[in-house]
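Ready for a few short exercises? Have a look at the chain below, then try each task before you read its solution.

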Amino acid sequence: MIAAMLAGLSRAICGTTVVWQCDPRAVRQRIYFGNHASHLDFVLIWSAFPAGVRRTLRPVAGSDYWTGPVRRYLAEEVFHAVLIERAAGGSSHGAAAAAAAIHRMVDQMGDRHSLIVFPEGTRSLGGEPGPFKSGLFHLSRLRPDVELVPVYLDNLNRILPKGEILPVPMLSRIVFGAPLAPNAREDKPAFLARARGALLDLKGVH
């Protein structure tokens, strides 16, 4: 009941229009990757799906934000989020933490769950997706059987700007693209450029 209420409330506040270039009722496992502009991003992606699909869809989020009894309850009991420790860049500890996070995501997917991830690793301030970090590439190599679906979110950075707590009701748009075609011979830079390009291609879709 709480999940249904949150899904409906988030769609109402954000006036969300959803465009599908993939089947929202598909039962196969997927990794949905989107641009990151606000803390509402994964909630809006999650809420776009039918209730039966939402039960197998797990957002990936930083554990440092989802603290306190209410946030932790929502993350664990409602969204069933995969909470990970954010890696500090440029150190061996950071590299080890990043690798551990990738393996945790793969482990938490099991043989039935899909994930929502944000390859930029942090929110973009100008609305344009930043460079993708390597996590999506490593996920794709560890789970080559899983479809990768780009998701473009429009106007979320204005509905809940960085540093704000309460959302401002506005219209928003979510575009779910077609799954990326697999290419096992592609190296990391080429893969990340193609994945980001697929996301940007959805910007003008209505």
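A residue counts as buried when its relative accessible area is under 20%. Keep in mind that this is a predicted model.

**Exercise 1.** Work out whether S47 is buried or exposed, and find what its side chain reaches.

*Solution.* Start with the location: S47 belongs to helix α2. Next, check its relative accessibility, which is 1%. The cut-off for buried is under 20%, so S47 counts as buried. Finally, follow the side chain: at 3.0 Å it meets the backbone oxygen of L44.

**Exercise 2.** Classify the ring pair F49 and F176 as stacked, tilted or edge-to-face, then place both residues in the chain.

*Solution.* Step one is distance: the ring centres are 5.2 Å apart, and a pair needs centres within 6.5 Å. Step two is the angle: the planes stand at 80°, and over 60 degrees means edge-to-face. So the pair is edge-to-face. Step three is location: F49 lies in the loop between α2 (41-47) and α3 (51-54), while F176 is in strand β7 (residues 172-176). They're 127 residues apart, so this pair links distant parts of the chain. Now for accessibility: F49 is buried at 2%, and F176 is buried too, at 0%. To widen the view, add W20 and Y32, which form one aromatic cluster with F49 and F176. The total count is nine aromatic pairs.

**Exercise 3.** Which ring does the charged end of R54 sit over, and which one does R141 cover?

*Solution.* For R54, go to the ring of W46: the charged end is 5.1 Å from its centre. For R141, the charged end sits over the ring of F191, 5.7 Å from the centre.

Methods. Residues are numbered from 1 along each chain as its sequence is written. This is a predicted model: local features need pLDDT of at least 70, side-chain atom pairs count only at pLDDT 80 or more; totals for chains, interfaces and linings use all residues. Side-chain values use heavy atoms; hydrogens and water are left out. Rings of Phe, Tyr and Trp (its six-membered ring) pair if their centres lie within 6.5 Å; planes under 30 degrees apart count as stacked, over 60 as edge-to-face and the rest as tilted. Helices (H or I, at least four residues) and strands (E, at least two) are DSSP runs, numbered from the N terminus. Buried means under 20% relative accessible area, exposed over 50%, partly exposed in between (1.4 Å probe, protein chains only). A charge sits over a ring if NZ of Lys or CZ of Arg is within 6 Å of the ring centre and within 35 degrees of the ring normal. A polar contact is a pair of N or O atoms within 3.5 Å; within protein, one must be able to donate a hydrogen and the other to accept it, and residues adjacent in sequence count only if both atoms are side-chain atoms.
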